[in-house]
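Visitor: Could you walk me through some charged pairs? I would like to hear how each label is earned.

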Amino acid sequence: MILALTATLAIVVQDHAALRAAPRSSATELTRLWQGDVLEVRGEHAGYLKVYDHRRERGGYLRGDAARPVELSEAAAPELLAVLRFLRESPGSEALGISYGAAYLKAVPPRAITAEPFDAIAQMAERLADQASGSNDHLADFAPHLEVVEQFGVRMRNFEHNGRMRVCYDGELFHRVLTFPGAHPEERAHAALGLTRPDCIDPELGPVPRISVDTERSQLLDQVNDSGLNAMTRSRLHARRAGVWASLAFDQDRRREPAGAAAERSLAELLAVHADDLGDDRRLEYVDAVLRVGAIRWAGALPAPQPGPLTLSAAPGDPGQTCVALEDARRPHAAAIIRRCTYGMVRMASIQAIPQGPAVVLAVQPLESWRELWVFHERAGSWTIDVVSPGLDNPEEGYVDFAGYAPGTRRLLIAREVKDHGRFRRSFEELRLDDLALVRQASSPDLLRDFGRWQDIAWRRDTLALH
């Protein structure tokens with residue numbers, strides 16, 4: 001919803017503009033005004049505008065160069081649209097651009113309205129929300145601009161995740177663009193991307209409403225026809241679809257529904273992305289999709305026969321749990337060697353036996369974008385289960401792959417990809433099997449000697465860590 005603008009108006013174009021009690025610089029400062037603030041002009045004196053601020057219910061004087069008069073007539077609409085087009089591509093001027101967008105919508109006759117101004121305002125609102133996200137202190141820096149745009153019906157939602165504040169635009173105008181007759185494919189794509197951001201899903205959402213949200217996200221993205229899009233937008237759309245279908249695969253797996261088709265769709269969408277088309281600004285969207293698809297790599301895959309003698313079996317535990325047991329096929333009636341239960345998704349298709357160890361590795365996915373590696377191995381004559389995590393210090397998403405085993409040095413080869421505090425890291429590592437201590441680490445497997453000789457062929461064929 002865009003607030004109606006009336007009367008003789010001026011839009012503030014400077015931050016920290018002083019509203020004073022009299023038309024002189026030494027007069028008492030009543031308040032500070034911000035880009036995008038809309039004022040009613042009631043006169044002019046000595047280079048100052050006599051104004052009234054309806055939002056703050058306060059009148060005063062403002063230097064004339066701190067605001068621009070706005071004429072809300074059909075004749076002025078083209079000029080307002082030109083300013084809107086300029087500001088939509090000017091980072092840091094989002095509140096001002098939204099204010100001009102509201103003025104344009106008031107001035108233009110209804111018959112001439114297109115989806116363009118709604119698309120522009122929505123994109124600037126999304127960019128403003130991104131700038132305001134971070135710590136609580138960071139949010140305070142942008143609070144005045146958020147208050148300015150709220151007067152035009154632009155609403156934000158706040159979430160806290162891992163001690164960081166996430167501000168998200170509620171997307172009302174994106175919805176309007178999707179239903180607008182004659183909206184350009186690029187505008188529809190912008191709207192679908194804005195409405196399906198994974199970082200704007202409430203982290204407290206339960207499993208049942210979450211699958212509904214993910215289903216709606218997939219439907220919104222599928223509404224957009226890829227034809228007519230530029231190369232960057234097309235790749236962004238494929239990357240977003242890949243992430244959404246990865247979420248759906250996890251949702252379905254968690255509900256014990258077939259997840260293979262969703263997992264295959266997520267991989268197909270990821271392979272359709274041309275990373276070079278995204279540029280530096282959008283490449284992180286692709287890497288995010290890689291992590292999400294990589295995390296559900298084993299969803300829907302059928303487990304292969306285990307040659308033994310050491311085998312893993314899975315059975316239900318407490319409600320919602322799966323219990324994994326290591327057994328020795330040579331002792332069919334003996335108790336399990338070791339057993340562990342988890343609320344995560346146990347990926348039985350990922351089982352890899354290491355006879356030379358002896359050891360067995362298993363992928364377990366506790367969260368939609370988080371996959372760990374369980375290592376069953378013998379230490380000091382007894383069996384233990386160690387968990388190799390994608391990262392430490394509350395990372396946001398990631399996965400770890402078993403990449404092979406070097407028998408001569410008894411080293412486990414792994415690959416990790418992780419997103420931690422907004423930064424992506426990839427590493428290839430050699431771990432000592434006895435205690436999983438890190439021996440060597442590199443940014444490329446070619447830099448590690450054991451990877452060159454002992455990496456697993458199936459891993460090299462299927463992994464996304466080499467993208």
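Visitor: Why does Arg-197 count as buried or exposed, whichever applies?

Guide: Buried means under 20% relative accessible area, exposed over 50%, and partly exposed in between (1.4 Å probe, protein chains only). Arg-197 has 14% relative accessibility, so Arg-197 counts as buried. A word on the background: this is a predicted model, where local features need pLDDT of at least 70 and side-chain atom pairs count only at pLDDT 80 or more, while totals for chains, interfaces and linings use all residues. Residues are numbered from 1 along each chain as its sequence is written, and side-chain values use heavy atoms, leaving out hydrogens and water.

Visitor: What makes Arg-197 and Asp-130 a salt bridge?

Guide: The term asks for a side-chain nitrogen of Lys or Arg within 4 Å of a carboxyl oxygen of Asp or Glu. Here N to O is 2.8 Å, and the pair qualifies. Arg-197 sits in the loop between helix H6 (185-195) and helix H7 (207-222), and Asp-130 in helix H3 (residues 116-132), 67 residues apart. Helices (H or I, at least four residues) and strands (E, at least two) are DSSP runs, numbered from the N terminus.

Visitor: Why is Asp-130 called partly exposed?

Guide: Its relative accessibility is 33%, so Asp-130 falls in the partly exposed class.

Visitor: How do you know that Arg-411 forms a salt bridge with Glu-430?

Guide: Their closest N and O atoms are 3.0 Å apart, which meets the criterion. Arg-411 belongs to strand E18 (residues 411-420) and Glu-430 to strand E19 (residues 423-432), so the bridge ties together parts 19 residues apart in sequence. Both Arg-411 and Glu-430 are buried.
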